[in-house]
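This report describes selected features of one protein chain for a reader at the bench. The sequence and the structure are shown first, and the description follows.

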Amino acid sequence: MVSCPEERLRVPGVWNKEVRTSEDEMEEAGGGGNAKGWVEERWREGMRDIASGDSNIMASASPLKDIDEQYLQCCICMEQLKEPKILPCLHRYCQECLKKIVKKGAKKIECVTCREVHTLPKGGINGLKTDFNTKNIIEFIQLQDSVKVDPLRTCIHCNKKQEASAFCFRCNDFLCKTCHAFHASSPMFQDHHPHIFSLSEAEAANLTIQKLSSLKVAPRCQTHPEKLSELCCTTCGNLPICIPCTFGEHRGHNLEEVKSLAKIQREMLRGKIADLLQYKEKAYSMREGIKKAKDKLELNVDQESQKLQKQLDREGERIKREIQDAEKELNTKRADLEERMKEETSARKKELEKEMRESRESYEQACREERQEADSNLRELKKENTKVREKLEGGLRVMNNEIQEMLASIRTQKDENAKKIKELSDHFDGIVKRFENVTATADCILAAQNDWTDVQCIPDVCRAVDLLREEVKRDSPGLDNLSGMKIRELSAGVSVRGKVGISEDVESIADLHIEEGMYIDDITGNEDGTMVITGFTSALQASIFVITKAGVLQQQDIFPDTRGYSARCSFLSQYLVAVIYGFNQVGIHDIRDQSRRFIRLSDVIMNCPTNQQVYSVPTDPVNDHIIVGCRSRDVYVFNSKLEHVKTMKLPDVIKRADAIAMYEDNMFVCDVSGTGRAFAVTMKQPASEVKYEFTKPAHGGADWYPHSVCTDQNGYIYMLWREGGRSLIVQYTKDGGQIELEREVDRTHDVTAITAVQTKQGEKLLLPTWGTRKLLTYGLT
């Protein structure tokens with residue numbers, strides 16, 4: 001934005017100023033070379049002066065010669081603006097240039113500079129407002145340039161072609177030297193005197209835009225073109241009108257004297273600019289944040305790729321060691337077998353020694369049988385060893401393929417995240433351009449102090465300021481999600497030593513230090529060990545609790561107007577938690593400052609029933625999605641801005657989504673009240689399809705129903721089944737919903753939810769209890 005060749009510095013904005021700074025001032029700005037920071041600070045001071053109404057800044061500090069040529073340039077044709085039309089974002093273009101880029105009959109137009117999309121007025125491009133302030137400046141510059149090229153002009157009074165001496169803006173024509181003197185002194189042209197401009201002043205260094213504005217005459221009435229406007233009709237959008245209009249079509253309208261109205265408008269603009277400047281740092285810092293996110297994304301991709309390669313190398317070394325161990329075991333068994341065979345042969349020899357003379361043939365037969373048995377055992381050992389080797393080597397190949405798939409997933413995520421970061425970068429570049437353009441336009445308008453132009457332009461500038469302020473005030477997007485890489489851990493390695501499972505008994509039972517009388521519905525955890533618990537109080541109001549990894553209650557918040565309805569939760573990022581707020585509201589809770597945003601489904605989704613009750617809110621951090629399960633087959637997907645992305649329909653066999661867990665492209669659904677069954681649903685197809693149904697446990701002969709579900713980092717599925725006061729943890733395979741392990745929870749603990757979290761001691765299963773406010777932990781071994 002700011003360039004600083006040597007020590008001559010160009011100040012950004014409308015004015016093409018060059019300022020010379022001393023080394024002392026530069027040093028005070030934070031270092032002899034920190035020219036950019038020094039200039040930007042001066043720019044901010046100038047804008048603050050404008051906002052406070054410093055007339056010095058608006059007049060003497062704004063000579064016409066210092067206007068930046070780019071401010072008067074059309075970004076389409078790259079030439080000086082001709083009949084400048086201004087868009088609601090305040091970017092201006094030639095009228096004819098806009099007609100070339102907008103198709104005939106189009107209803108909208110996209111700004112070439114900031115990419116904002118605007119609705120065209122009834123008259124299309126012609127109906128857009130003319131930027132009179134810029135047009136006045138351009139007309140004056142063109143006037144200067146034309147006189148330089150050819151000073152001979154036909155005088156409007158004497159009708160002689162001679163060197164022009166002045167220009168009368170009231171007559172809108174040139175005057176020769178003689179007629180200029182008469183025009184400026186004659187009482188007959190007294191009302192022309194303020195509007196006569198001597199061409200000898202055209203090159204004066206102190207000629208300001210304010211001086212130019214004072215030369216311009218009031219606009220002519222649209223209804224009565226022969227008359228100059230004298231009042232403004234605020235009812236009709238500050239339309240300039242003449243006196244006869246007050247008795248005609250503007251009778252009964254709100255009419256204002258232009259000078260007082262312009263003063264009010266300027267004060268309003270100064271206030272809005274002052275308010276907008278409070279958000280300048282945020283707008284500019286977001287661009288830096290996006291750059292850091294892009295750099296972090298590249299770093300994370302490299303780190304995750306190296307991490308996977310190291311995992312593959314470690315697993316390869318482990319499998320090689322197991323193969324070597326298996327070889328050693330084979331050799332040991334072979335040696336034992338040979339030794340045992342020798343001993344048995346020796347014993348047999350002694351037993352048969354006596355009979356040797358009588359039955360040598362019997363001895364030889366016994367030896368053959370011993371050798372055949374030893375050979376058979378040895379073959380079995382070799383066969384077993386070969387199976388072990390093949391299993392381990394096959395596992396290594398599978399792991400290598402899995403890592404290649406994960407590396408491909410990393411590259412895909414990188415491309416998708418880089419695209420989103422680019423979109424965000426373009427968006428905030430547009431905001432910064434709008435910021436600079438809005439403040440520059442305000443600078444120019446306030447500098448001119450042209451009452452008629454001000455009452456026409458300032459309302460549009462104020463609207464643009466309001467829109468920009470709201471845009472900048474919005475919550476920043478989740479850059480952490482875009483710079484991070486969400487990948488699953490490698491599957492448990494193939495081993496000859498058995499499977500990984502759930503600890504036989506509960507590892508720990510901890511008291512949750514939360515409000516007495518709190519009933520827990522759900523639990524979720526992040527990678528830092530922070531836990532979020534939701535439920536409702538004894539007063540039946542939904543609540544949320546944030547607990548640190550040390551078990552300390554950090555936050556407690558109660559949701560108003562949620563009586564009788566509980567809350568569910570799921571981490572979307574390190575700090576953002578998706579939460580159900582009562583009957584049909586979904587929101588995002590920020591654990592850093594307890595701020596929250598929420599929406600009602602029926603307010604943002606067309607054709608969504610007003611009685612659609614929300615039951616579950618799992619998240620998909622990789623795609624920045626919140627999945628909302630309801631009391632129907634409809635599943636709604638939102639992004640972190642709570643914008644509706646799409647609606648999915650579950651297969652007919654499922655009646656409602658009481659609990660949902662996500663893993664890659666699979667959705668695991670507990671249909672508690674509908675069918676009492678659980679299903680894996682694939683989302684790869686345009687319409688969801690049942691991939692398989694989870695096997696219902698037959699443990700203890702109970703009629704179990706699915707209550708909660710989660711997955712670990714390797715993709716194994718854990719489902720909490722309930723029956724009466726009993727609870728059962730079931731581990732399922734990743735690819736078929738078959739039962740691997742079952743663990744019944746002690747009946748004294750009425751657990752209500754299950755989630756898997758990563759800890760320093762490895763991955764754990766956490767289960768909160770309903771009313772006793774305890775937390776059960778099972779290890780994944």
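In this predicted model, H118 counts as buried because its relative accessibility is 10%, and buried means under 20%. This histidine is part of strand β6, which covers residues 117-119. Leaving aside residues up to four places away in sequence, H118 is in contact with L87, P88, C89, K107, K108, I109 and C111.

R115 belongs to the loop that links β5 (108-110) to β6. In contrast to the buried H118, R115 is exposed, with a relative accessible area of 51%. The backbone of R115 has a phi near 70°, a positive value in a residue other than glycine. Most residues other than glycine have a negative phi. A positive phi is also found at M78, where the angle is near 60°. M78 sits in the loop between α3 (55-58) and β3 (84-86).

**The chain as a whole**

The protein chain contains 13 helices and 38 strands. Of its 781 residues, 48% are buried. When contacts between residues at least 6 apart in sequence are considered, 54% of them join residues at least 24 apart.

**Two open sheets**

One open sheet consists of 4 strands in the order β28-β29-β30-β31, and the pairing is antiparallel. Strands β28 (659-663) and β31 (689-693) each have a single partner strand, so one side of each is left without a neighbour in the sheet. On average, neighbouring strands of this sheet are turned by 25° against each other, direction ignored.

Within this sheet, β30 (residues 677-682) and β31 run antiparallel and are joined by 4 bridges. One of the residue pairs involved places T682 opposite E689, its bridge partner in β31. The loop between β28 and β29 (666-671) contains D665. With a relative accessible area of 40%, D665 is partly exposed. The C-alpha atom of D665 is separated by 5.6 Å from that of M683, although the two residues are 18 residues apart along the chain.

A further open sheet of 4 strands has the order β14-β38-β37-β36, again with antiparallel pairing. Its edge strands are β14 (508-511) and β36 (755-759), each of which pairs on one side only. From one strand to the next, the twist averages 30°. The edge strand β36 runs antiparallel to β37 (residues 762-768), and 5 bridges join them. Among the facing residues, T759 stands opposite G762 in β37.

**Internal cavities**

How many cavities of 30 Å³ or more does the structure hold? There are 2 cavities of that volume. The table lists the approximate volume of each.

| Cavity | Volume |
|---|---|
| Largest cavity | about 50 Å³ |
| Second largest cavity | about 30 Å³ |

The largest cavity is lined by R334, L337, E338, M341, R371, A374, D375 and L378. The elements that contribute two or more residues to this lining are α9 (280-353) and α10 (360-448). By class, the lining holds 4 nonpolar and 4 charged residues, with no polar residue. The charged members include R334 and D375, while the nonpolar members include L337 and M341.

Around the second largest cavity, the lining is formed by N133, N136, I137, I209, L212, S213, A448, N450 and T453. Here α5 (132-149) and α7 (209-215) are the elements that give two or more residues. This lining divides into 4 nonpolar and 5 polar residues, and no charged residue takes part. Its polar members include N133 and S213, and its nonpolar members include I137 and L212.

The charge content of the two linings can be set side by side. The largest cavity has 4 charged lining residues and no polar ones, whereas the second largest has no charged lining residues and 5 polar ones. In each lining the nonpolar count is 4.

Conventions. Residues are numbered from 1 along each chain as its sequence is written. This is a predicted model: local features need pLDDT of at least 70, side-chain atom pairs count only at pLDDT 80 or more; totals for chains, interfaces and linings use all residues. Side-chain values use heavy atoms; hydrogens and water are left out. Two strands pair if DSSP finds at least two bridges between them. Axes are lines fitted to C-alpha atoms, for helices over the stretch in contact, and angles run from 0 to 180 degrees between N-to-C directions. On a 1 Å grid over the protein atoms alone, a cavity is a set of points where a 1.4 Å probe fits but cannot get out, and a pocket is an open set with protein on both sides within 12 Å along at least five of seven lines; lining residues have an atom within 4 Å of a point. Grid points are joined across faces, edges and corners, and a volume is the space filled by probe spheres set on the points. Buried means under 20% relative accessible area, exposed over 50%, partly exposed in between (1.4 Å probe, protein chains only). Contact means heavy atoms within 4.5 Å.
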